[in-house]
Amino acid sequence: MKVKKAIINTIIFMFFVTLTFYIIFKNNDVTQIFEVIKTVDKRWLIVATIFMSFFVIAEGVNIARTLKLLNCKISFKKGIKYALVGFFFSSVTPSASGGDPMQIYYMKKDGLPIGHSALAILTEFSSFQIVTITMAIIGFLANYKFIENSIGNIRYLLMIGVAINTCILIIIILTIFSKKIIIKLVDFVGRILERFHYKKVEEFKQKVFTQIEEYKKGSKLLMENKKVLAKILVTTIIQVILYHSIPYIIYLAFGLTEANFFQFLTLQAVLYISVSAMPLPGAVGISEGGFMAIYKLLFPTSLLSSAMLLSRGISFYLFVLISGIAILIFSLKKRIFLQNY
């Protein structure tokens, strides 16, 4: 990602964060909110942070698992590195569009073939899409009356979210397993480049087709190892359950016990799929608003804003900060290494 584009995305991200918190705090006593937060059981906040850590680790494990199958030498540490890169750039770009390209970029810098890197990312993402879409549909059916009575029109947002994410999943699966579609896509990109008078179109296409051959060999190998695919899917299920459990952990931190885990889990699945495809960096603003809408009957009114801040703070803002610092460290280490050698 070019520096200029990175700066623009960061400014846009910070603008939406500022706007979101302005709207939240405008009609609330900030001091009171933080006084309420001080009263929560901190042990549950640690549990929520551990859950989020495992969420990131699980993605790293799945990426490393696929790359190892493709005979790429990759350590557990490198897998976590790529997961952190994906989390950060997905968070600060619209519709999480920057995460996957930047992961592939960092893998290329580490000497991994682009075809294998792309296959690892798409496999992990496909597994994630399958699990999140399935859980959202289950959540909607299980909580239909609750959604209809309390938040009404969010069901339309859910339908849009499911439709968009399902289309993305279909495109990705076709891309992984259909060589014809990839070739047509490359030809289409080539024609666009020709219109802009790009002189090295054929060279570009040749390089891409070379990567496609590696990509197809990898996808064939992946299909021949269904145990690996099953492990990836199981890991993703655990990963998503941990992530969607965080609002319930925050609920317990306030000493509340009336609502049950399954209701929180499935409602969060509905909320996630409803906002994930929205063209906002990290779904900032709409995620916070959705939380306030979907959990307003589960949290007491006096605790709702505080609960939202803790839930989003741990599941999003804290790990944007952690992943951003990690990327800075990766970059500094790389520069120091290059300077010394």
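Helix α13 (residues 261–275) spans 21 Å from first C-alpha to last over its 15 residues, close to the expected 21 Å at 1.5 Å a residue. The expected span is 1.5 Å times one less than the number of residues. Helices here are DSSP runs (H or I, at least four residues), numbered from the N terminus. This is a predicted model, in which local features need pLDDT of at least 70, side-chain atom pairs count only at pLDDT 80 or more, and totals for chains, interfaces and linings use all residues. Residues are numbered from 1 along each chain as its sequence is written, and side-chain values use heavy atoms, with hydrogens and water left out.

Of the 15 residues in α13, 12 are buried. Buried means under 20% relative accessible area, exposed means over 50%, and partly exposed lies in between (1.4 Å probe, protein chains only). Among the buried residues of α13 are F264, L267, Q268 and L271. At the start of α13, a side-chain oxygen of N260 comes within 3.2 Å of the backbone nitrogen of F262.

Those four residues of α13 reappear in the surroundings of Y295, which touches P247, F264, L267, Q268, L271 and L304, leaving aside residues up to four places away in sequence. Contact means heavy atoms within 4.5 Å. In the largest nonpolar core, which has 78 residues, F254, Y295 and F299 touch the most other members. Helix α15 (residues 301–340) gives the most to this core, with 13 residues. A nonpolar core is a set of buried Ala, Val, Leu, Ile, Met, Phe, Trp, Tyr and Cys residues joined through side-chain atoms within 4.5 Å. There is also a second, separate core of 5 residues, including I133, A136, V162 and L169.

Helix α4 (residues 76–91) has 16 residues and a first-to-last C-alpha distance of 23 Å, close to the 22 Å expected at 1.5 Å a residue. Because 12 of its 16 residues are buried, α4 is largely enclosed by the rest of the structure. The buried residues of α4 include Y82, F87, F88 and F89, and also K81.

K81 takes part in one of the 3 salt bridges of the structure. A salt bridge is a side-chain nitrogen of Lys or Arg within 4 Å of a carboxyl oxygen of Asp or Glu. The pairs are listed with their N to O distances.

| Basic residue | Acidic residue | N to O distance |
|---|---|---|
| R43 | D41 | 2.9 Å |
| K81 | D110 | 3.2 Å |
| R312 | E288 | 3.0 Å |

The three pairs can be placed by accessibility and position. R43 counts as exposed at 62% relative accessibility, while D41 is partly exposed at 23%. K81 counts as buried at 14%, and its partner D110 as partly exposed at 24%. R312 and E288 are both buried. The R312 and E288 pair links distant parts of the chain, with R312 in helix α15 and E288 in helix α14 (residues 286–294), 24 residues apart.

A further buried polar residue is Q239, in helix α11 (residues 226–244). Q239 has a relative accessible area of 1% and is therefore buried. The contacts of Q239, not counting residues up to four places away in sequence, are F55, A58, E59, E124 and F128.

Notes
Helices (H or I, at least four residues) and strands (E, at least two) are DSSP runs, numbered from the N terminus. A polar contact is a pair of N or O atoms within 3.5 Å; within protein, one must be able to donate a hydrogen and the other to accept it, and residues adjacent in sequence count only if both atoms are side-chain atoms.
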